[in-house]
Amino acid sequence: AQALLGGPLVARRGFNGKNAWGFHPQAGVRKISPVEINEIIRDGALYQPIAFSKHYVQLSYDSRRRVDGPEVDIIDATTKDNRIERFYFDSSTGLPVRLDLWEEGPEGARIKGEYYLAHYYLGDYRTINGVQVPFSIRRVRPHSTMIFTFTEVKHNIALDDSIFEAPRQSSK
C-alpha cells in the first residue's frame, strides 16, 4: 500500500487522559468513543494482560491445554458488558502468548454496539531492563491480519506531551 499510494500510511490513535482521537490518512481526524479508549489502554498494556484487569468484572481460570503450540493456562475475563475475553499464558514461562479480545467494529468503521473478536499472538520475547517484552505481535481480525515486529523497545523514556494531542485536520 505504501508504494502504491506514494508514501507511508500511518494510522494513529491517542489519548491525553481526557480526550481521545484517531487519525487515518484517508479519513482524517476523528473523536474516539469510550469503548475505543479502553482498547487504547489495553493496547498500551498488551504484553501485560494483568495490568488492565480493572477493566473486567471477573477473572477465572478456564483450563490448561495445548493451543497453537505450547501448553497454555487459559484465563477467562468477563468484561463490564458481559463478554468473555481470553488470555493464554505459556505454562512453562508464564508469559502471555495469545489474547482473544472484543473490539468495537466492524473493521475500519466504528459502529457503536457492533463488535468482533480479535486474536493477538505474542512471541519473540526478549528481556529489556529485566522485563520480558514480545518483539512480535500478530493481530488477526475477521478480515485482516497485521504483524507488528519491533526492533527496539525502551522503557520510561521522556515523551513530549504534544504527541498525545490530536493532529490538526488538514485542509484539502
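In the predicted model, three strands make up an open sheet whose order is β1-β2-β3, and their pairing is antiparallel. The edges of this sheet are occupied by β1 (12-15) and β3 (28-31); each has a single partner strand, so one side of each is left without a neighbour in the sheet. From one strand to the next, the twist averages 20°.

The contacts within this sheet can be described strand by strand. Strands β1 and β2 pair in the antiparallel sense over four bridges. Between these two strands lie four residues, and the three parts together form a hairpin. Glycine 17, located in the turn of this hairpin, has a positive phi of about 95°. Arginine 12 stands opposite phenylalanine 23 in β2. On the other side of the pairing scheme, β2 (residues 20-24) is joined to β3 by four bridges, and these two strands likewise run antiparallel. Phenylalanine 23 is again involved, as it stands opposite valine 29 in β3. Phenylalanine 23 thus has a facing residue in β1, namely arginine 12, and another in β3, namely valine 29.

A second open sheet is formed by seven strands in the order β4-β5-β6-β7-β8-β9-β10, with antiparallel pairing. Here the edge positions belong to β4 (56-66) and β10 (144-149); each of them pairs with a single strand, and therefore one side of each is left without a neighbour in the sheet. Neighbouring strands of this sheet are turned against each other by 25° on average, direction ignored.

Within the seven-stranded sheet, strand β6 has pairing partners in both β5 and β7. Strand β5 (residues 71-79) and strand β6 (residues 84-90) are paired in the antiparallel sense over seven bridges. Two of the facing positions illustrate this pairing: isoleucine 75 has phenylalanine 87 in β6 as its bridge partner, and alanine 77 stands opposite glutamate 85 in β6. The two strands form a hairpin with four residues between them, and asparagine 82 in its turn has a positive phi of about 70°.

The pairing of β6 with strand β7 (residues 96-104) is also antiparallel and comprises four bridges. Phenylalanine 87 takes part here too, standing opposite leucine 99 in β7. A hairpin is formed by β6 and β7 as well, with five residues between the strands; glycine 94 in the turn has a positive phi of about 80°. Strand β6 is mostly covered, since five of its seven residues are buried, that is, under 20% relative accessible area.

At the level of the whole protein chain, two helices and 10 strands are present. Read from the N terminus, the elements follow the order α-β-β-β-α-β-β-β-β-β-β-β. Of the 172 residues of the chain, 33% count as buried. The chain exposes about 11,000 Å², of which carbon and sulfur atoms supply 52%. Among contacts between residues at least 6 apart in sequence, 30% join residues at least 24 apart.

Notes: Residues are numbered from 1 along each chain as its sequence is written. This is a predicted model: local features need pLDDT of at least 70, side-chain atom pairs count only at pLDDT 80 or more; totals for chains, interfaces and linings use all residues. Side-chain values use heavy atoms; hydrogens and water are left out. Two strands pair if DSSP finds at least two bridges between them. Axes are lines fitted to C-alpha atoms, for helices over the stretch in contact, and angles run from 0 to 180 degrees between N-to-C directions. Buried means under 20% relative accessible area, exposed over 50%, partly exposed in between (1.4 Å probe, protein chains only). Contact means heavy atoms within 4.5 Å. Accessible areas come from the Shrake-Rupley method with a 1.4 Å probe; for residues, only the protein chains shown count as cover.
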